[in-house]
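Reader: I would like to learn how to read this structure, feature by feature. Could you show me the model and then take my questions?

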Amino acid sequence: MLQAHPVQAFSDNYIWLLEAGAERAFVVDPGDAGPVLLALAARGLTLAGILVTHHHPDHVGGIAQLLSRCGPVPVYGPRGSPASGITQPLDDGDRITVFGFAADVLAVPGHTLDHIAYFFAAPGAAAPLLFCGDTLFAGGCGRIFEGDPRMMHASLARLAALPATTSVYCAHEYTLSNLRFARAVEPQNEQLLRRQLDAEALRERGEPTVPSTIALELATNPFLRCGHTTVRAVAAQRAGMELAGEPEVFGLVRSWKDDFR
Ligand code: ZN
Ligand code: FE
């Protein structure tokens with residue numbers, strides 16, 4: 001069974017450490033080598049490979065040091081990425097194997113143009129696993145730095161269509177601020193209120209709010225709910241006009257969040 005353990009880095013990054021019961025581990029988006037080396041040592045694991053979702057320094061900044069400390073291991077990442085050090089370039093639809101478990105590669109551009117996600121449909125665990133970097137967050141989504149709202153909306157729609165039971169491993173602990181914004185969009189959503197209370201309790205105990213599930217995101221994440229009447233209505237109200245379709249609603253909600261404090 002493939003298991004994912006969080007390694008905390010910087011102020012709010014999660015580097016995911018994957019292991020399957022042997023003494024080897026993959027890491028996802030090692031922005032910093034230090035905490036990864038400590039986590040490997042603490043668990044008695046050696047590094048077997050690296051998965052990269054996109055080129056931002058807080059996701060790739062530790063690769064060079066990990067390779068120099070742990071020896072050469074395969075570094076999977078998007079083909080054509082500005083990130084250096086990728087040895088196994090990947091395209092949409094590719095399939096890789098991690099400790100015998102297959103992962104499908106999904107191109108999810110928008111946050112960056114090179115962004116990909118890794119989906120393990122049958123990781124030997126109860127539920128599928130998704131590693132989605134800075135595309136889908138718990139209760140939110142990444143900022144659009146390189147793409148446009150239509151592109152980001154289409155990428156999120158691909159992730160939203162994955163099995164509802166999928167465990168969603170994003171790369172940042174942004175959940176509380178995401179849920180505060182979500183509550184501004186949908187103040188009447190009771191499941192969202194419950195989620196906010198749950199997340200606050202977890203953070204008070206110092207525990208991660210990640211992973212979430214696709215089912216929970218569909219029920220509470222405003223960026224996956226742009227087709228719902230409530231979200232459409234509040235977006236149209238803010239825009240001062242009817243919005244043509246879901247991508248337009250998404251664009252409005254995304255720029256609202258950009259300015260939300
Ligand atoms: Zn990023
Ligand atoms: Fe990031």
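Author: What follows is a conversation about metal sites, helix packing, burial and backbone angles. A word on conventions: this is a predicted model, in which local features need pLDDT of at least 70 and side-chain atom pairs count only at pLDDT 80 or more, while totals for chains, interfaces and linings use all residues. Residues are numbered from 1 along each chain as its sequence is written, chains are lettered from A and ligands numbered from 1 in the order in which they are written, and side-chain values use heavy atoms, with hydrogens and water left out.

Reader: Happy to start with the metals. Which residues are the protein donors of the zinc ion (ligand 1)?

Author: Donors are N, O and S atoms within 2.8 Å of the metal (3.2 Å for Na, K and Ca), and sites may look incomplete because water is not among the atoms. For the zinc ion (ligand 1), the protein donors are His54 through NE2, His56 through ND1, His111 through NE2 and Asp134 through OD, at 2.2 to 2.3 Å. Their spacing in sequence reads H-x1-H-x54-H-x22-D.

Reader: Why is the arrangement around the zinc ion (ligand 1) irregular?

Author: Four donors count as tetrahedral if all angles lie between 85 and 135 degrees; four count as square planar and six as octahedral if opposite donors are over 155 degrees apart and all others between 65 and 115; anything else is irregular. Around the zinc ion (ligand 1), the 4 donor atoms subtend angles of 87 to 169°, which makes the arrangement irregular. His56 sits in the loop between strand 4 (46–51) and helix 2 (57–60), and Asp134 in the loop between strand 10 (129–133) and strand 11 (136–137), so the pair ties together parts that are 78 residues apart in sequence. Helices (H or I, at least four residues) and strands (E, at least two) are DSSP runs, numbered from the N terminus.

Reader: Are His56 and Asp134 buried or exposed?

Author: Buried means under 20% relative accessible area, exposed over 50%, and partly exposed in between (1.4 Å probe, protein chains only). His56 is buried at 15%, and Asp134 is buried at 4%.

Reader: What does Asp134 bridge?

Author: Asp134 bridges the zinc ion (ligand 1) and the iron ion (ligand 2), which lie 3.2 Å apart. The protein donors of the iron ion (ligand 2) are Asp58 (OD), His59 (NE2), Asp134 (OD) and His172 (NE2), at 2.1 to 2.3 Å. The iron site is irregular, with angles of 85 to 167° among its 4 donor atoms. His59 belongs to helix 2 and His172 to the loop between strand 13 (167–170) and helix 5, so this pair ties together parts that are 113 residues apart in sequence. Both His59 and His172 are buried.

Reader: Now helix packing. How do helix 4 and helix 9 cross, and which residues meet?

Author: Two packed helices are described by the angle between their axes and the distance between the axes. Axes are lines fitted to C-alpha atoms, for helices over the stretch in contact, and angles run from 0 to 180 degrees between N-to-C directions. The axes of helix 4 (residues 149–160) and helix 9 (residues 246–258) come within 9 Å and cross at roughly 105°. Helix 4 and helix 9 are therefore roughly perpendicular to each other (the range for that word is 65 to 115 degrees; under 35 is roughly parallel, over 145 roughly antiparallel and the rest oblique). Pro149, Arg150, Met152, His153 and Leu156 of helix 4 meet Glu246, Pro247, Glu248, Phe250 and Gly251 of helix 9; contact means heavy atoms within 4.5 Å.

Reader: Where is Phe120, and what is it in contact with?

Author: Phe120 is in strand 9 (residues 116–120) and is buried at 0% relative accessibility. Leaving aside neighbours within four places in sequence, the contacts of Phe120 include Leu2, Leu18, Val98, Phe101 and Phe131.

Reader: Which backbone angles deserve a look?

Author: Most residues other than glycine have a negative phi, and most peptide bonds are trans. Phe10, not a glycine, has a positive phi of about 50°, and Phe10 lies in the loop between strand 1 (3–9) and strand 2 (13–19). Phe99 also has a positive phi, near 50°, and is partly exposed at 23%. A cis peptide bond, with omega about 5°, joins Val210 and Pro211.
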